[in-house]
Amino acid sequence: MAFGRSDRRRRSAAVEPVTLKILVAGGFGVGKTTLVGAVSEIKPLRTEERLTEAGRPVDDLDGVEAKTTTTVAMDFGRITVNEELVLYLFGTPGQDRFWFLWDELARGALGAVVLADTRRLADSFAAIDYFERRGLPFTVAVNCFDGADRYPPQAVRDALDLDPQVPVMLCDARLKDSARDVLISVVEHAMRTSARRREPAVP
């Protein structure tokens with residue numbers, strides 16, 4: 001569910017915090033599992049399996065040759081932003097053969113993060129297209145890998161042909177504060193999008 005109430009009991013709180021569902025998506029090896037693990041306040045649920053020779057023909061390792069595992073279902077984590085807001089994070093699998101899981105994971109989500117790698121920027125198009133078709137607000141977060149070329153957000157926006165209102169930011173998926181900033185951007189963007197949709201049409 002996009003909106004709900006946490007089932008945790010607080011002795012001093014007058015109301016329970018709002019809980020929101022956020023997806024973390026992007027291409028294969030872009031850092032989705034790392035971001036969820038960096039920011040989650042609980043031990044993340046991971047469904048990773050080791051890469052095998054059988055998967056080599058379908059798993060493109062160009063640029064991520066050191067990767068040895070892959071998410072086959074989802075990652076799950078939780079972060080309390082403040083006393084009024086709790087985010088539940090669902091990291092999606094990156095390979096095309098697991099796309100049948102996306103519809104289920106996306107159900108009830110408030111918004112999404114599309115993680116991007118400048119070395120494999122084209123891998124972001126599938127996730128961007130998916131969320132654009134479904135009208136789900138998303139933020140593009142460029143994961144600044146060590147040794148990768150750095151580009152300003154506007155250059156990434158132009159390369160991905162994004163609408164002007166879609167936030168684009170740089171991040172380090174390994175760092176909790178950086179990952180938290182990305183998630184806050186998603187929530188803020190989703191709230192602005194919802195407000196625009198409620199505005200009466202101009203005759």
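This report walks through the fold of one chain, from its strands and helices to its cavity.

**Overall layout**

The model is predicted. The chain has five helices and seven strands. Along the sequence, these elements follow the pattern β-α-β-β-β-α-β-α-β-α-β-α. Of the 203 residues, 49% count as buried.

**Strand β5 and its neighbours**

Strand β5 covers residues 111–116. Six of its six residues are buried, so the strand is mostly covered by the under 20% cut-off for relative accessible area. In a regular strand, side chains alternate between the two faces of the sheet. In β5 both faces are covered. G111, V113 and L115 are buried on one side. A112, V114 and A116 are buried on the other.

Strand β1 (residues 18–26) pairs with β5 through five bridges, and the two run parallel. Strand β5 is also joined to β6 by five bridges, again in parallel. Residue A112 of β5 takes part in both pairings: its bridge partner is L23, and A112 stands opposite F138 in β6.

Strand β6 (residues 138–143) is in turn joined to β7 (residues 168–171) by four bridges, and these strands run parallel. Here A141 has M169 of β7 as its bridge partner. The chain gets from β6 to β7 through helix α4 (residues 153–160), in a right-handed β-α-β crossover.

The parallel pairings are collected below.

| Strand pair | Bridges | Example of paired residues |
|---|---|---|
| β1 and β5 | five | L23 and A112 |
| β5 and β6 | five | A112 and F138 |
| β6 and β7 | four | A141 and M169 |

**Helix α3**

Helix α3 (residues 125–134) lies between β5 and β6 in the chain, and the three make a right-handed β-α-β unit. Residue A127 is found in this helix. Is A127 buried or exposed? A127 is buried, because its relative accessible area is 2%, under the 20% cut-off. The C-alpha atom of A127 is 5.8 Å from that of G26, although 101 residues separate the two along the chain.

**The loop after α4**

Residue D161 is found in the loop between α4 and β7. Its phi is near 55 degrees, a positive value in a residue other than glycine. D161 has a relative accessible area of 66%, over the 50% cut-off, so D161 is exposed.

**Helix α5**

Helix α5 runs over residues 176–198. How far apart should the ends of its 23 residues be? At 1.5 Å a residue, the helix should span 33 Å. The end C-alpha atoms are 33 Å apart, so the span agrees with the expected value.

Many positions in α5 are named as buried: S178, A179, V182, L183, S185, V186, V187, H189, A190 and T193. An α-helix has 3.6 residues a turn, so residues three or four places apart point the same way. Among the buried residues of α5 are S178, V182, V186 and A190. A179, L183 and V187 are also in the buried set.

**The cavity**

How many cavities of 30 Å³ or more are there? The count comes to one. About 40 Å³ of space lies in the largest cavity. Its lining includes G27, F28, G29 and V30. L115 and A116 line this cavity too, and both are buried residues of β5. D117, R120, D123 and S124 are also in the lining. By type, the lining residues divide into four nonpolar, three polar and three charged.

Key
Residues are numbered from 1 along each chain as its sequence is written. This is a predicted model: local features need pLDDT of at least 70, side-chain atom pairs count only at pLDDT 80 or more; totals for chains, interfaces and linings use all residues. Side-chain values use heavy atoms; hydrogens and water are left out. The expected span of a helix is 1.5 Å times one less than its number of residues. Buried means under 20% relative accessible area, exposed over 50%, partly exposed in between (1.4 Å probe, protein chains only). On a 1 Å grid over the protein atoms alone, a cavity is a set of points where a 1.4 Å probe fits but cannot get out, and a pocket is an open set with protein on both sides within 12 Å along at least five of seven lines; lining residues have an atom within 4 Å of a point. Grid points are joined across faces, edges and corners, and a volume is the space filled by probe spheres set on the points. Ala, Val, Leu, Ile, Met, Phe, Trp, Tyr, Cys and Pro count as nonpolar, Asp, Glu, Lys and Arg as charged, and the others, Gly among them, as polar. Two strands pair if DSSP finds at least two bridges between them. A crossover is right-handed if, with the strands pointing away from the viewer, the path from the first strand over the helix to the second runs clockwise.
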